[in-house]
Amino acid sequence: MSFRIVRLKETPSTMIEARQHEPGTAVVAEAQTAGMGRGGRSWYSPPGLGLYVSIVLEPPCELEKLPVVTLALGLACQQAIQKIAGVTCDLRWPNDLLLNGKKCGGILVELHAGKVIAGIGINVNHLEFPEELRDLATSLRIITGREFNLDEVLEAVLDSVEEHVQLLKQQGTEPILRLFALSSSYARGRRVRVGQLEGITEGLDPCGFLWLRTLDDRRILIRSGDVRPVEP
Ligand code: BTN
């Protein structure tokens, strides 16, 4: 399947726009006025600098394993960024793309009327960020010193999403879980904080949730929340 692309100059959010479209459609905007991030946060979406795309998919796996779709999309973006920019981003469970410890992209997956809406935001040509994001965010341009063609980034991302979604459909969740565990420094053996909990990550469960061994030796399955590194 290659995706049918709907291009918009400006929209509140491609997540909302994508709801009206059928599976196989990718809605891409030059700018978003109310870009949505995970956990009710906003996504900084200035015109012409980032990739803002939402892809409509048939659910590629059982719905209780939907978190694996987020992991698959992260892997797809990691591969696309490697191809386009020659740098390897880290994947912070469940949805963050990191370069030098700062966020260069994020994934937002929603289920709407039986369809999966897979949102991808990548900071591509940004040279700077608003004050409140300065310590948290980076871009491919800041990291590499090069400017990128957004259409080439889109093409690389869509090709890689297609590849990873096919893998998920054909072989189930296991290969994606294995690849994520290999590609993310956060999947196992990382000291992190999640809300009030602090511990060491201990791999993924079959649905894509994260195991945490807390400092008081409890094994807790993290289903949501922001994972943050704790430096020793
Ligand atoms: C996150 O890391 O919090 C997820 C960010 C997802 C941002 C993308 S940009 C394209 C799509 N449209 C949105 O409004 N959000 C997603």
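## A tour of the ligand site and its pockets

Begin by selecting M36 together with the ligand, where a backbone N or O atom of M36 lies 2.6 Å from an oxygen atom of the ligand. Keep in mind throughout that this is a predicted model, and that every distance, area and volume quoted along the way is computed from it.

Keep the ligand selected and add the side chain of N95, which has an N or O atom 3.1 Å from an oxygen atom of the ligand. Then turn to the side chain of T14, where the partner is instead a nitrogen atom of the ligand, placed 2.9 Å from an N or O atom of that side chain. If you now show the surface of the ligand, bear in mind that on its own it has 420 Å² of accessible area, and that the protein covers 99% of this.

Next, expand the selection to the whole shell: 21 residues surround the ligand, and the closest of them are S13, Q32, M36, R38 and K103. Colouring this shell by residue class will separate eight nonpolar residues from ten polar and three charged ones.

Which element gives the most to the shell around the ligand? Select β6, residues 102-112, and you have the answer, since this strand contributes four residues. The other elements that give two or more residues to the shell are α1 (14-18), β3 (50-57) and β7 (115-123).

Now hide the ligand and display the pockets. The ligand sits in the largest pocket, which holds about 680 Å³ of space. Its lining is made up of 36 residues, and those nearest the centre of the pocket are R41, S42, W43, K103 and L133. When you select by element, α1, β3, β5 (96-99), β6 and β7 each give two or more residues to this lining, with the largest share, five residues, coming from β6. Coloured by class as before, the lining of the largest pocket shows 15 nonpolar, twelve polar and nine charged residues.

Move on to the second largest pocket, for which the computed space is about 210 Å³. Here 13 residues form the lining, and R38, P67, T70, P94 and R223 are the closest to the centre. R38 is worth keeping highlighted as you switch views, as it is also listed among the closest residues around the ligand. Selecting α2 (67-85) and β6 will bring up elements that each supply at least two residues of this second lining, and β6 again gives the most, with three residues. By class, the lining of the second largest pocket divides into seven nonpolar, four polar and two charged residues.

Two backbone details complete the tour. P94, already selected as one of the residues closest to the centre of the second largest pocket, lies in the loop between β4 (90-92) and β5; display its backbone together with that of W93, and you will find a cis peptide bond joining the two, with omega at about -5 degrees. Finally, follow the chain to the loop between β5 and β6 and select N100, whose phi is near 50 degrees, a positive value in a residue other than glycine.

Conventions:
Residues numbered from 1 in each chain as written. Predicted model: local features only at pLDDT ≥ 70, side-chain atom pairs only at ≥ 80, totals over all residues. Heavy atoms only, no water. Near = heavy atom within 4 Å. Polar contact = N/O pair within 3.5 Å; in protein donor to acceptor, adjacent residues only side chain to side chain. Areas by Shrake-Rupley, 256 points an atom, 1.4 Å probe, with all protein chains shown as cover. 1 Å grid on protein atoms, 1.4 Å probe; cavity = no way out; pocket = protein on both sides within 12 Å on 5 of 7 lines; lining within 4 Å. Sits in = over half its atoms within 2 Å of the grid points. Nonpolar A, V, L, I, M, F, W, Y, C, P; charged D, E, K, R; others polar. Points joined across faces, edges and corners; volume = space filled by probe spheres on them.
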